[in-house]
Amino acid sequence: MGGDYSAWRLLHRGWGLGGAWKPAWSKADPKKHYEVVIVGGGGHGLATAYYLAKNHGLHDVLVLEAGWLGGGNTGRNTTIIRSDYFLEASGALKEFALELWEGLSQELNYNLMVSQRGYVDLAHSDGELEAFTLRANAMLLRGSDAAILDRQALKERVPPLNLDPKARFPIVGALLQERGGTLRHDAVAWAYARAASRLGVDIIEQCPVTGFEQSGNRIAAVTTAPGTIGADNVVVSVAGQSSQVAKMAGFRLPLQSIPVQAFVSEPVKPALDVVVNFNAGLAYVGQTDKGELVMGGATEGYPGYRAMGGQAAIEHTAARIIEMFPFTAKMRLMRQWGGIADIPMDGNAIMGATPVDNLTLNAGWGYAGFKATPAVGWTIAQTVAQGRAHPLIAPFALDRFESGALIDDAGAGPAPWLH
Amino acid sequence: MIHIPCPWCGPRDETEFTYGGEAGDVMPALDGQSDQVAWHAFVHLSENPSGPVSEFWYHGGGCGRWLLVRRDTASYEILEVRDAVEAARGPKDDVER
């Protein structure tokens, strides 16, 4: 597996010494049986495997990925990290994630290019700014950081922003989280894979799970093309395919899979040193170190499994980006892509126990899952190792839909296409 | 961009329509006899298939009618479109009208 990455090693290899770089993780051949089989090798699944091995000494772990590492939503999101949520359950989990992100490059010995450049949520009405103030207070009370910016402070923090009072949608202020920002998203998959692999976790790519062998109310084994693999515990962490995998295990989920698009512009010189979100119309933009503007918006508005999306959502998002930053009007889009977001009936994730005894679910992250990656891995790993829900994810239990204890940040009701 | 052939207006862009949810489950009876489990299944649980599914679409930018659309969520092909009210009434009522 090779040693740690360092500036010295980079220089050493640069001189052509020490041979070729070793693969970051091993290609495993599956064993007959594992203590834990994780279905889904995205950031969440790989983080779960890493923390199972590191925090709980469970090394007999297999991660099965249908595609390739970093090829799903982990490599398709707009790379934003933040914890600016109002509801306690939502905020506490993301705040824990943000704390973990802050030390993760060192811990995993992998440069995740974590850049806490600040995340600005624009308010377009007094009412919205009032709601942001409430949210900022909730964030401060849980020990996070938050600030409310008036128009003058906003002008200083985000100089290119269109603050014209005669704009189509005039801006009245903003919520700022300075610890929010961006990072290199696919490096998260690679870093967790490398760290987990070094701790003895097996990772198999291009290996979709085709079914479960059930015995009583338990899963005895997962079936794959290379063969049947026995499992004491199964974790399902498959984002957009959650309903399909749950169906194999015999239950339905309260969510729908809806595409979300993102796109990048041609690279330009540094113009934006902060991530900005048009909250009322949902369109967010940040600039990468390479100079491209990364943009995303709301969902396509109806379910689908094509990771593409249509022209309507691009126009909708671009209109708001140009409204915020008129200098972008003549920039060209360079690439566009979509991801399949599994969005629950209250818009919040579903984690923990399922109707099948030894199947732990991590689903329903919609298009909000990337920022939570380390906290999800940490808490799901503890949930599996200890056999009871980690306190931070207990509110996100699947049975909350039947009991009525919903966590609806947006207040949009049981309509995933509106979240 | 998908195009939905509205039975009243002809083929139109998706931007004229609003998605209105899966049309799979039938609403429990409002007679006070339906239990929480039935309502939970109706309100929350979803088939969410990767393939053909029946769903409601509202043609707000056109005739203002609710449509029952059979659509493939993997290929995005529109398989069948009917007026939702007529579909609910059934063929017998269609004849009477």
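User: How many helices and strands make up the secondary structure of chain B, and in which order do the elements of chain B run?

Analyst: The secondary structure of chain B comes to 3 helices and 6 strands, where helices (H or I, at least four residues) and strands (E, at least two) are DSSP runs numbered from the N terminus. From the N terminus on, the elements of chain B follow the order β-β-β-α-β-β-β-α-α, and the C-alpha trace of chain B spans about 40 × 35 × 20 Å along its principal axes. This is a predicted model, in which local features need pLDDT of at least 70 and side-chain atom pairs count only at pLDDT 80 or more, while totals for chains, interfaces and linings use all residues. Residues are numbered from 1 along each chain as its sequence is written, chains are lettered from A and ligands numbered from 1 in the order in which they are written, and side-chain values use heavy atoms, with hydrogens and water left out.

User: How many residues does the contact take from chain B and from chain A, and what area do the two chains bury between them?

Analyst: Contact means heavy atoms within 4.5 Å, and here the contact takes 28 residues from chain B and 25 residues from chain A. Buried area is the accessible area (1.4 Å probe) that two parts lose on being put together, summed over both; for chain B and chain A this comes to about 2300 Å², 53% of it on carbon and sulfur atoms.

User: Which polar features does the rule find across this interface, beginning with salt bridges?

Analyst: A salt bridge is a side-chain nitrogen of Lys or Arg within 4 Å of a carboxyl oxygen of Asp or Glu, and the rule finds 2 salt bridges across the interface of chain B and chain A. The side chains of B:Asp25 and A:Arg252 meet in a salt bridge, at 3.3 Å from N to O. A polar contact is a pair of N or O atoms within 3.5 Å; within protein, one must be able to donate a hydrogen and the other to accept it, and residues adjacent in sequence count only if both atoms are side-chain atoms. Across the interface of chain B and chain A, 15 residue pairs are in polar contact, both residues at pLDDT 80 or more. On the side of chain B that touches chain A, the elements giving two or more residues are β3 (18-22), α1 (36-43) and β4 (52-58) of chain B, and α1(B) gives the largest share, 5 residues. The residues of that side divide into 11 nonpolar, 11 polar and 6 charged, where Ala, Val, Leu, Ile, Met, Phe, Trp, Tyr, Cys and Pro count as nonpolar, Asp, Glu, Lys and Arg as charged, and the others, Gly among them, as polar.

User: How many salt bridges does the rule count over all chains, and where in chain A do A:Asp84 and A:Arg135 lie?

Analyst: The count over all chains comes to 23 salt bridges. A:Asp84 forms one with A:Arg135, the closest N and O atoms being 3.4 Å apart. The pair links distant parts of the chain, 51 residues apart, with A:Asp84 in the loop between β3 (80-81) and α3 (88-108) of chain A and A:Arg135 in helix α4 (residues 126-141) of chain A.

User: Which residues line the second largest cavity?

Analyst: On a 1 Å grid over the protein atoms alone, a cavity is a set of points where a 1.4 Å probe fits but cannot get out, and a pocket is an open set with protein on both sides within 12 Å along at least five of seven lines; lining residues have an atom within 4 Å of a point. The second largest cavity is lined by A:Gln256, A:Pro303, B:Tyr19, B:Glu22, B:Asn48, B:Pro49, B:Val53, B:Glu55 and B:Thr73, and β3 and β4 of chain B are the elements that give two or more residues to this lining.
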